[in-house]
Amino acid sequence: MATAALEFLPAPLRSFRLKTKQQELLLRVSTLALIYVLAFIVRLFSVLRYESMIHEFDPYFNYRTTLFLTENGYSEFWNWFDFESWYPLGRVVGGTLFPGLMVTAALLYRFLRALSFAVHIREVCVLTAPFFAANTTLVAYAFGREIWDSGAGIVAAALIAICPGYISRSVAGSYDNEGVAIFALLLTFYLFVRAVNTGSLAWSLASAFGYFYMVSAWGGYVFIINLLPLYVLVLLVTGRYSMRLYVAYNCMYVLGMLLAMQIRFVGFQHVQSGEHMAAMGVFFLLQVFFFLDWVKYMLNDARLFKSFLRITLTCAITVGTLALVVGTASGYISPWTGRFYSLLDPTYAKDHIPIIASVSEHQPTAWSSFMFDFQILLFLFPAGLYFCFKRLSDATIFIVMYGLTSMYFAGVMVRLILVAAPAVCLISAIAASATIKNLTTLIRTKSKSPQASSGKTTGSKAAAKGAVDQSLPFQHNAAIALLLGAFYLLSRYAIHCTWVTSEAYSSPSIVLAARGHNGGRVIFDDYREAYYWLRQNTPPDAKIMSWWDYGYQITAMGNRTVIVDNNTWNNTHIATVGRAMSSYEDEAYEIMQSLDVNYVLVVFGGVTGYSSDDINKFLWMVRIGGGVFPVIKEPDYLVNGEYRVDKGAAPKMLNCLMYKLCYYRFGELTTEYGKPPGYDRVRGVEIGNKDIKLEYLEEAFTTSNWIVRIYKVKPPKNRS
Amino acid sequence: MAPRSDHAAGSAAAAAAAAAAQAHGSEFDSIDPLFHVLRVLPFSFLRPPRTRLKLPSNLALPSPMTVFSLILLTYFAVVSGLVYDVIVEPPGIGSAQDPATGAVRPVVFLPGRVNGQYIIEGLSSGFMFVLGGVGIILLDLAADRNRPRSVRVSFGGAGAVAVVIAYAMAMLFIRIKIPGYLWPDPLPDLSASRVSILDMFPITWHYTGVCNVPIRGDNSFITE
């Protein structure tokens, strides 16, 4: 039909008529180019609404380190000891971070500068995540093509370009490890599956370097180093051992392990940590398999080989178990760390590690979070698993395993929906592509039949071949209707993703927005106001005490030393700050003197109704402080198990430092029409203690909407 | 360590096999000097034990479709928020008191938060997702040319109906759960314990809602 239309074109244009293969190539390349641009653009909502700034808390640390890297060079960065955080302990930055993200951004910055684009490093940092998300779509296309066919690859690229589960952590401004790490994860998996499919040493080498990039980028590399051995084990059990698998896994494991040891933060964990032992065990098991295979080939005798097999397997298993037991008992192999153990046993963190349990993104996942982040992909995922099971091969077994393990972990922790997103997109793409292919085949077979009538086939025998024609009644119409339905579902997916990105995941969190009573948007920029006040009005060696959430932002924007920050590596130090916040003012003053604190910063939402403030987080301060200092008891702050701040609150609560600092002079303020002064809009009550007098601190600064309040610690009196 | 002992065990077994083979008269010469040493030194008087280890012969791998049905059940469990149910232990269904009559009404969907659920709402939503998946599988089974026509028609019809129902119900559920779904309004603070919608306020602050959804990285207060 297309060729018939082209007959009517004038002669010069007819030379542009493409053959089908070229048409297909053009279509594919242009679709991928559009998907690439789409993946970049859809993440730019917050840049257009607010400005090009770094979001959240963790990205501020990454930004500060990248700034340091570009200013001082790689050697200084690798050996950097940061004295501005965790006063008085300091932090060895070079050995406690994953450098992949910073090095990538610095390289991009250098490259752009070399092309004489005079960009600021902050712009590069803000746009690194969308750029790598766009690259991920290309890798997803290649991976889909490897597993199924190029149609599934294109659908996978399109799905992952707008999948909200991925967008949530790779939006512009979210300069965090995951933005780069998901690209590295998918790249490593793609290269490894390609290596297993081809058996080529070159692809295995490439996958080892992909793994190295992943290790340098994110702590989630543990997922790769455990999934690949599990995959090899499944292949061995299902009888798919082959030379290709042997070459791919050996090369990738040995080289990948050696490369991973170059990252100081990882160090020797690949041979010392319990989380990495599965890979080593499977490595040795693979050697045993290869050895048995070789002996079988040499022996040519089934009975002898059977006895040899039994003996070898017994010996191998015994020796392996013995080595593991000796290593664990002697302490050389460290047990699973709490962070990863809580993935296997989700109840562990709640009882033992309150810091991990308190973070909202570590909570288990409810169905609505899945729906929010995946929508119709949740329907396509089981269908895609079915298609993979129909056509089992090395590659489809891998994607099934990746999908299942990552979905389980996503169920345990909300944050890990990000890791599951590429697998879900790929498997759903297989289902979508196969279903649409079925439907279009049903439509097209009708047009090949010689008795082509308006829509009905006779449904019994085809005269041409003499075979029984099992085609369905109204096949043509039904298939067209179902195809339109499929396109409708995909369009609803696109609408959902755009809405979710725009409304839920594009908030910078450091700038708050609200809707005014006339419908206009009101912006609260209190955080940056406070940090810049600190930067401009405090002495350069001032030390700021605040809860650990704000540490990175204070060091990055306020440029001052903090006591604790988001790295949370020292629980006792955080507990000291928690104890200070929950004690009476005189006890807290002693603690602050011992830590050399000059200023205290608290976040208070009672005036604006901002509910993520320090009074709502206060019970966590009590719990963490009480976990180390038994003098702090949580029941002291509760009344009948209830947490209150009004007149009926516990006396310890009404007089602790956090209460005083948050509600100082708040009793004079009318916040809402018709309510008494001192009405807390978050808790919804009038506060109990309005007449607050501070003895050892004085108010230094309160932002325009009272969200951030800064107090200066007075020096000790000259006369006692 | 392990490969070397494997090698020793292997050569010991090879030596035993060679001894047995020679007893049976088959040629088993080797150019391996270690093999000959071992044949003489320990294994002229040592005999490897006859181990009676045997896997049961009827142990076979399950068929792919069996595994798939087990996986579908696991998927149902995970996507209904089973881990959430086990850890947070929400009630099976919530309750609210009607302010006018004082009667207690059941509340099926936990309001105010994206990441929270009651047990029954989780299970029903998970069932809808699995129903949609099964519908698409039925559509693929209907496209198979080798089945009888009536079976294909019923599969196709059932598959289409299943997908339509599952999608409609899932959309309904999410609309009930998140009232502002697909409206061009910023969402209220969904991950904190309270929905902080502010009232209109004429005196100094003119705002009606804080649009801040700190889904990640932020230490929001968790209600227990």
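UniProt positions are given here in the numbering of this structure, and its annotations may be inferred rather than shown by experiment. Keep that in mind for the first view, and note for every view that the model is predicted.

**View 1. Annotated transmembrane stretches of chain B.** The UniProt record, an unreviewed entry, puts the feature "transmembrane region" at residues 61–84, 118–141 and 153–174 of chain B. Look at two of these in the predicted model. Residues 153–174 of chain B are 100% helix and 0% strand, and the C-alpha atoms at the two ends of this stretch sit 32 Å apart. For residues 61–84 of chain B, the figures are 79% helix and 0% strand, with 33 Å between the end C-alpha atoms.

**View 2. Helices H5 and H7 of chain A crossing.** Here H5(A), residues 58–72, packs on H7(A), residues 100–114, at an angle of about 50°. Their axes are 9 Å apart. An angle of 35 to 65 degrees is neither roughly parallel nor roughly perpendicular, so H5(A) and H7(A) count as oblique to each other. The crossing of this pair is right-handed. On the H5(A) side, the contact uses Asn62(A), Thr65(A), Thr66(A), Leu69(A) and Thr70(A). Facing them from H7(A) are Leu101(A), Met102(A), Val103(A), Ala105(A), Ala106(A), Tyr109(A) and Arg110(A). Sorted by type, the contact residues come out as seven nonpolar, four polar and one charged.

**View 3. Helices H11 and H13 of chain A side by side.** H11(A) covers residues 177–198 and H13(A) covers residues 221–237. The two pack at about 25°, with axes 11 Å apart. Since angles under 35 degrees count as roughly parallel, that label fits H11(A) and H13(A). H11(A) passes H13(A) in a right-handed crossing. H11(A) brings Leu185(A), Thr188(A), Phe189(A), Phe192(A) and Val196(A) to the contact, while H13(A) supplies Phe223(A), Ile224(A), Leu227(A), Leu228(A) and Tyr231(A). That gives nine nonpolar residues, one polar and no charged.

**View 4. Helix H27 of chain A, tucked in among its neighbours.** This helix runs over residues 551–558, and seven of its eight residues are buried, so the rest of the structure largely encloses it. The buried ones are Gly551(A), Tyr552(A), Gln553(A), Ile554(A), Thr555(A), Met557(A) and Gly558(A). What do the buried residues of H27(A) pack against? Their partners in chain A include two helices, H5 and H26 (526–537), along with strands S2 (91–92), S5 (543–545), S6 (561–562) and S7 (599–603). Just past the end of H27(A), Asn559(A) adopts a positive phi of about 60°.

Conventions. Residues numbered from 1 in each chain as written. Chains lettered and ligands numbered in written order. Predicted model: local features only at pLDDT ≥ 70, side-chain atom pairs only at ≥ 80, totals over all residues. Heavy atoms only, no water. Axes fitted to C-alpha atoms, helices over the stretch in contact; angles between N-to-C directions. Helix = DSSP H or I, 4+ residues; strand = E, 2+ residues; numbered from the N terminus. Parallel < 35°, antiparallel > 145°, perpendicular 65-115°, else oblique. Left-handed = near helix turned anticlockwise from the far one by under 90°. Contact = heavy atoms within 4.5 Å. Nonpolar A, V, L, I, M, F, W, Y, C, P; charged D, E, K, R; others polar. Buried < 20%, exposed > 50% of the residue type's maximum accessible area, 1.4 Å probe, protein only.
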